[in-house]
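Biologist: Please show the model, and then let us discuss its confidence and its helix packing.

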Amino acid sequence: MPSRCPSIDEVVRDVDGELSVNRHEELAAHYLGCAACRTRRAELDAMVARFAVGADEVDPELTRDVMAAIRARRSGAAAGAADDGEGASAGTAAGTSAARGQR
């Protein structure tokens with residue numbers, strides 16, 4: 001008879017490698033005897049694999065544009081602090097326009 005099923009949180013922690021070696025081994029033995037938990041674990045493993053593949057496919061132009069917008073907001077916030085906030089909106093708007101750039 002399989003042991004008590006782990007919570008979804010514990011299965012996620014197992015997938016993430018956050019459990020002790022002993023607890024991981026206990027769950028591995030449980031997965032062998034429990035089809036529901038084995039399926040849950042397989043689904044989580046597949047989801048993690050899909051995210052890992054997607055992480056390598058970030059568009060470099062998108063990264064550049066996002067970073068430009070962040071820099072513009074930071075410089076706009078700094079300018080706004082210097083002139084009581086009036087420059088922050090203008091600086092952010094200009095930075096956002098610059099971040100969109102020509103494509």
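Modeller: Over residues 85-100, pLDDT (the predictor's confidence in each residue, from 0 to 100) stays under 50, and the model has 15 contacts (heavy atoms within 4.5 Å) beyond four places in sequence for them. This is a predicted model, in which local features need pLDDT of at least 70 and side-chain atom pairs count only at pLDDT 80 or more, while totals for chains, interfaces and linings use all residues. Residues are numbered from 1 along each chain as its sequence is written, and side-chain values use heavy atoms, with hydrogens and water left out.

Biologist: Which helix of the protein chain has the highest confidence?

Modeller: Helices are DSSP runs of H or I with at least four residues, numbered from the N terminus. The lowest mean, 45, belongs to helix α5 (residues 86-100). The highest, 96, is that of helix α2 (residues 21-33).

Biologist: Is E10 buried or exposed?

Modeller: E10 lies in helix α1 and contacts L19, R23 and L27, leaving aside neighbours within four places in sequence. Buried means under 20% relative accessible area and exposed over 50%, with partly exposed in between (1.4 Å probe, protein chains only). The relative accessible area of E10 is 17%, so E10 is buried.

Biologist: How are α1 and α2 oriented to each other, roughly parallel or roughly perpendicular?

Modeller: Their axes, lines fitted to C-alpha atoms over the stretch in contact, with angles from 0 to 180 degrees between N-to-C directions, come within 11 Å and cross at roughly 110°. The contact is made by E10, V11 and D14 of α1 and R23, H24, L27 and Y31 of α2. Angles of 65 to 115 degrees count as roughly perpendicular, under 35 as roughly parallel, over 145 as roughly antiparallel and the rest as oblique. Therefore α1 is, relative to α2, roughly perpendicular.

Technical notes. Helix = DSSP H or I, 4+ residues; strand = E, 2+ residues; numbered from the N terminus.
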